Amino acid sequence: MNAIRIERVKSLKNKKLLKKIVEIEKETFGPSGVDNYSLPGFILFGAVYVLFVGEVLAGVCELMRSWEGDKALIYGFSIKDEFRGKGLGKFFPGE
C-alpha cells in the first residue's frame, strides 16, 4: 500500500479537494452527508481531517467541539469503498 497521510483542512481555497470531500460524503451517507453548504462550517468552526493513500483521497472525518466542557463529537467518518476493510480508520483523527 502507498504512503498514508492525514491532513487537517484549514482553508476553503482548494475547491478541488472540497469537491472530493463532498463526493466521498455522498458516496457514504447519501443526501445526509456533509455538502457544499455545511462543509465550510466544519472547516472553519470544527475540524475536518482527510486521509490520503499516496495521492488519492481515501477518507474524511469531521469533528465538532462542545462549547461547554472538554467534549467532541465525530460528526462524520467515511472511507471510500475501495479502501474499506484495510484498517485505515485507525489513522483518524490525526492530531
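This tour goes through a predicted model one selection at a time, from the sheet to the helix that packs on it and then to the cores and a few single residues.

**The sheet**

Begin by selecting the four strands, which form an open sheet in the order β1-β2-β3-β4 with antiparallel pairing. β1 and β4 stand at the edges, and because each has a single partner strand, one side of each is left without a neighbour in the sheet. If you look across the strands, the twist averages 20° from one strand to the next.

Select β1 and β2 together, and you will have the antiparallel pair that is joined by 6 bridges. Two of the pairings can be picked out by residue: R5 has F52 of β2 as its bridge partner, and I6 is partnered by L51, also in β2.

Move on to β2 and β3, which run antiparallel and are joined by 7 bridges. Here V53 has V56 of β3 as its bridge partner, and the two strands form a hairpin with 2 residues between them, where G54 in the turn has a positive phi of about 65°.

The pairing of β3 with β4 is again antiparallel, over 7 bridges, and includes C61, whose bridge partner in β4 is F77. The hairpin of these two strands has 6 residues between them, and G69 is the residue to select there, with a positive phi near 80°.

**Strand β2 from both sides**

Now keep β2 alone and show its side chains. In a regular strand the side chains alternate between the two faces of the sheet. In β2, A47, Y49, L51 and V53 point one way, while V48, V50 and F52 point the other way. Are these residues buried or exposed? Residues on both sides are buried, and the count for the strand is 7 of its 7 residues.

**Helix α1**

Next select residues 15-29, which make up helix α1. At 1.5 Å a residue, its 15 residues should span 21 Å, and the C-alpha atoms at its ends are 21 Å apart, so the helix agrees with the expected span. Colour L17, L18, I21, V22, I24 and E25, which are the buried residues of α1. They lie on the same side of the helix, because they cover an arc of only 160° around the axis. On the face turned away from that buried side, select K15, K16 and K19, which are exposed.

What covers the buried residues of α1? The covering elements include β1 (4-9), α2 (39-45), β2 (47-53), β3 (56-65) and β4 (72-79). α1 packs on the sheet and touches β1, β2, β3 and β4, with its direction making about 85° with that of β3. Following the helix you reach G30, whose phi is positive, near 65°.

**The nonpolar cores**

In soluble globular proteins, nonpolar side chains tend to be buried together. In this model the largest nonpolar core has 15 residues, and those with the most contacts inside it are V9, L17, I21, L39, V48, V50 and L57. Two or more residues come from each of α1, α2, β2 and β3, and α1 gives the most, with 5 residues. Selecting V9 is a useful way into this part of the model: beyond its neighbours within four places in sequence, V9 is in contact with L17, L18, I21, I43, V48 and V50. Another core, of 11 residues, lies apart from the largest one, and has among its members Y49, C61, L63 and F83.

**Two partly exposed residues**

Finish with two single residues, of which T28 lies in helix α1 and I4 in strand β1. T28 counts as partly exposed, since its relative accessible area is 27%. Setting aside neighbours within four places in sequence, T28 is in contact with S78, I79 and R84. Of these contacts, I79 is 51 residues away from T28 in sequence, yet the two C-alpha atoms are 7.7 Å apart in space.

I4 is also partly exposed, at 30% relative accessibility. With neighbours within four places in sequence left aside, I4 is in contact with L51, F52, V53, L88 and F91. For I4 and I24, which are 20 residues apart in sequence, the distance to display from C-alpha to C-alpha is 17 Å.

Notes. Residues numbered from 1 in each chain as written. Predicted model: local features only at pLDDT ≥ 70, side-chain atom pairs only at ≥ 80, totals over all residues. Heavy atoms only, no water. Expected span 1.5 Å × (residues − 1). Buried < 20%, exposed > 50% of the residue type's maximum accessible area, 1.4 Å probe, protein only. Arc of directions from axis to C-beta. Contact = heavy atoms within 4.5 Å. Core = buried A, V, L, I, M, F, W, Y, C linked by side-chain atoms within 4.5 Å. Pairing = 2+ DSSP bridges. Axes fitted to C-alpha atoms, helices over the stretch in contact; angles between N-to-C directions.
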